[in-house]
Amino acid sequence: MSPSPLKEALSAAPDAPVAAGARPEREYFCFRIGELSMGVPSENVREVIRPGPLTALPRAAPFLIGVTGHRGEVLPVIDLLRFLGKGESRVGPRSRLFVGLAENFSAALVTDAVAGLRKVARQDILPAPMGGDAGAEHVLGVVHRKGEPSLTLLNLAKLLGSARQRAVVR
Amino acid sequence: MTMPIESPNAPKRRPPPKNGKDFQMKVVIDALSAALQGDLSVRIRADGLPGEAGEVAALTNQVLEKLSRRLEDSEHRKQSIAQEIDHALDGLIALVRQGDLSRWNSTTEDPLLGPLLEGFGKVVETLRTFVREINEAALRLSSSANEVLAASTQHETSSTEQAAAIHETTATMEELKHASAQIAENAGAVARVAEETLGAARAGRGAIGEFIQAMQQIRSDGVAVADSIAKLSKRVERIGTVVEVIDEIADRSDLLALNAALEGSRAGEAGKGFSIVAAEMRRLAENVLDSTKEIKNLITEIREATAAAAGAADASKRATEGGEKLGAVAAQAVEGILAGVQETSDAARVINLATQQQRTATEQVVASMAEIEDVTRQTTQASKQATGAAAELTQLAGRLAELIKRFKAD
């Protein structure tokens, strides 16, 4: 009888103290939006939800595409592509919203697909290219992966802060 | 010598004898002797004689005178009779030499010759009548003979033409005999072919019946197939619904596993195992999603295939219905063909019999025509002979007419 995938994964997983000691790493919540693969620190993500009824806000910033209700809480919905100036995303039935946390402020962000949690070793993170676009200030770094598009790690707390600031300024 | 006799022209009286009686007698005796020798002109001179002697001389002279006169009359009559006989002889010569009966007109007042000439005249008259009648009859005979010749010639020509026509007819009848034999043969062949066709058409009828049954079977099978396809389609739809439910569940499971991983991550080191389980659950959910996607693709393919199958079944149904109709039409047509072929077969048989009879009859006719031809040949021969005879008859009639023409009646 072949072992279940779960048991295989468990047996393959390294012991926590050894891993932590050998390779300092951090867990990121990775997702795809448009052509981009991105990741945010997992401690900034509360949960992933399906997009519910979206209520558009008049005279709001373009990246703030509306608000949605979740468990009695009203969450602003942010389109990262618009925020970063990389186009715009569409909210469909297969889209996912993840609830991002920054200090005591939370917002829902649109993703096309969620890749999951992924541990990234610190030495694998390359610094963001200098002289990049406007969103470069929110980038923690870039991870190059074989056979896959490179993963852009975002500083979600900072991003949400500046978003809130831009929304308020407006 | 001097004689006392006188000639009539220069009557000389014999001088009376000088010596009496003797001399007187001598004169008379001389005169009578001369008369006896044919000279009746002598006379006795009686003036010188006396008595009785003178009387005798006178009487003798009277007798001589009378005899002379009688002789003259007789001569006269003899000449006139000779003339009449000459005339009659001329007529007879003309009759004999030239056949001329017209010149006979002799008459006489002679009581002795009259009956003879009258008898001749009657004979000639009778001959004239005969010649007239024969002439007339010869003319009639000639014209009749000509007519007979013409008729005979015409008959000969007709007979020859008839013989030619009969010969031609015989040849035609021969051809007809051959033709009717050919027809009989052909009719026999037609009858055989019709029989074969009848058999083939019966086989075709049976085959068409089987075909129609097969088509009905195919149609019912097609209906069953269409039902099965409809059921399959419903099942597939049901599977689709179930797959949607599974998809939904897997999606929710994926989401839950993701959130569970996040929870485990927030729990730090204590939630690590939990995070791993959650990740594994998420992978399973993703596998399920992949599978459901595959199933959905398969369902789409199955749906397309079933739609195509349904369309094909529908077309098959229509085709089988068309086939059944065609089979029914073909069956009807074959029934018609069967009836027609049956009639053809019967007709061919009848024709065969009729042509056989015709052939027999034609052969009889040919035999009869041969006999007729023979008879006609004989008739032609006889006709030729008749024509020859008629020609001869015509010639004879001409000859007779020519002969009769030599006798002139009028």
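**Note on a predicted two-chain model**

1. Ile81(B), Glu84(B), Ile85(B), Ala88(B), Leu92(B) and Leu95(B) on α2(B) make contact with Leu113(B), Leu117(B), Phe120(B) and Val124(B) on α3(B). By class, this contact of α2(B) with α3(B) holds nine nonpolar residues, no polar ones and one charged one. The model is predicted, so please read every point here as a statement about a prediction.

2. Now the geometry of that pair. Helix α2 of chain B covers residues 51–98, and its axis comes within 12 Å of the axis of α3(B). The two axes cross at roughly 15°. With angles under 35 degrees counted as roughly parallel, α2(B) is therefore roughly parallel to α3(B). The crossing is left-handed.

3. The pairing of α3(B) with α4(B) comes next. Their axes come within 3 Å and cross at roughly 175°. The cut-off for roughly antiparallel is over 145 degrees, so α3(B) runs roughly antiparallel to α4(B). The residues of this contact divide into 71 nonpolar, 41 polar and 27 charged.

4. Two residues give views of chain B at the level of single positions. Met173(B) sits in helix α3 of chain B. Its relative accessibility is 14%, so Met173(B) counts as buried. Beyond its neighbours within four places in sequence, Met173(B) is in contact with Thr362(B), Val365(B), Val366(B) and Met369(B). Met173(B) and Thr362(B) are 189 residues apart along the chain, yet their C-alpha atoms are separated by 7.0 Å.

5. Ala330(B) is the second. It lies in helix α4 of chain B. Ala330(B) has 27% relative accessibility and so counts as partly exposed. Its C-alpha atom is 9.8 Å from that of Ile212(B), and 118 residues separate the two along the chain.

6. What is the make-up of chain A? Chain A has four helices and ten strands. Along the sequence the pattern reads α-α-β-β-β-β-β-α-β-β-β-β-β-α. Chain A has 170 residues, and 41% of them are buried. Among its contacts with a separation of 6 or more, 55% join residues 24 or more positions apart.

7. Which residues touch the most other members of the largest nonpolar core? Phe29(A) and Phe98(A) do, in a core of 29 residues. From chain A, β1 (25–33), β2 (36–41), β3 (45–49), α3 (80–84), β6 (96–102), β7 (105–111) and α4 (156–169) each supply at least two residues of this core. From chain B, α3 (113–266) does so too. This core therefore draws on both chains. In soluble globular proteins, nonpolar side chains tend to be buried together.

8. Phe98(A) deserves a closer look. Apart from neighbours within four places in sequence, Phe98(A) is in contact with Phe29(A), Phe31(A), Val40(A), Val45(A), Glu47(A), Val48(A), Ala107(A), Ala108(A), Leu109(A), Thr111(A) and Leu156(A). There is also a second, separate core of twelve residues, including Ala31(B), Ala35(B), Leu40(B) and Val42(B).

9. Another helix pair joins the two chains. Helix α1 of chain A (residues 5–12) and helix α4 of chain B (residues 272–405) have axes that come within 10 Å and cross at roughly 140°. α1(A) and α4(B) are therefore oblique to each other. The crossing is right-handed. Pro5(A), Leu6(A), Ala9(A) and Leu10(A) in α1(A) touch Ile276(B), Val277(B) and Glu280(B) in α4(B). By class, that contact has six nonpolar residues, no polar ones and one charged one.

10. Please inspect two backbone angles in chain A. Arg59(A) is a residue other than glycine with a positive phi, near 60°. Arg59(A) is in the loop between β3 and β4 (64–70) of chain A. Its relative accessible area is 83%, so Arg59(A) is exposed.

11. Arg71(A) is the other. Its phi is near 50°, again a positive value in a residue other than glycine. Arg71(A) lies in the loop between β4 and β5 (73–78) of chain A. Is Arg71(A) buried or exposed? At a relative accessible area of 70%, Arg71(A) is exposed.

Definitions and conventions
Residues are numbered from 1 along each chain as its sequence is written. Chains are lettered from A and ligands numbered from 1 in the order in which they are written. This is a predicted model: local features need pLDDT of at least 70, side-chain atom pairs count only at pLDDT 80 or more; totals for chains, interfaces and linings use all residues. Side-chain values use heavy atoms; hydrogens and water are left out. A nonpolar core is a set of buried Ala, Val, Leu, Ile, Met, Phe, Trp, Tyr and Cys residues joined through side-chain atoms within 4.5 Å. Buried means under 20% relative accessible area, exposed over 50%, partly exposed in between (1.4 Å probe, protein chains only). Contact means heavy atoms within 4.5 Å. Axes are lines fitted to C-alpha atoms, for helices over the stretch in contact, and angles run from 0 to 180 degrees between N-to-C directions. Angles under 35 degrees count as roughly parallel, over 145 as roughly antiparallel, 65 to 115 as roughly perpendicular and the rest as oblique. A crossing is left-handed if the near helix is turned anticlockwise from the far one by less than a right angle, and right-handed if clockwise. Ala, Val, Leu, Ile, Met, Phe, Trp, Tyr, Cys and Pro count as nonpolar, Asp, Glu, Lys and Arg as charged, and the others, Gly among them, as polar.
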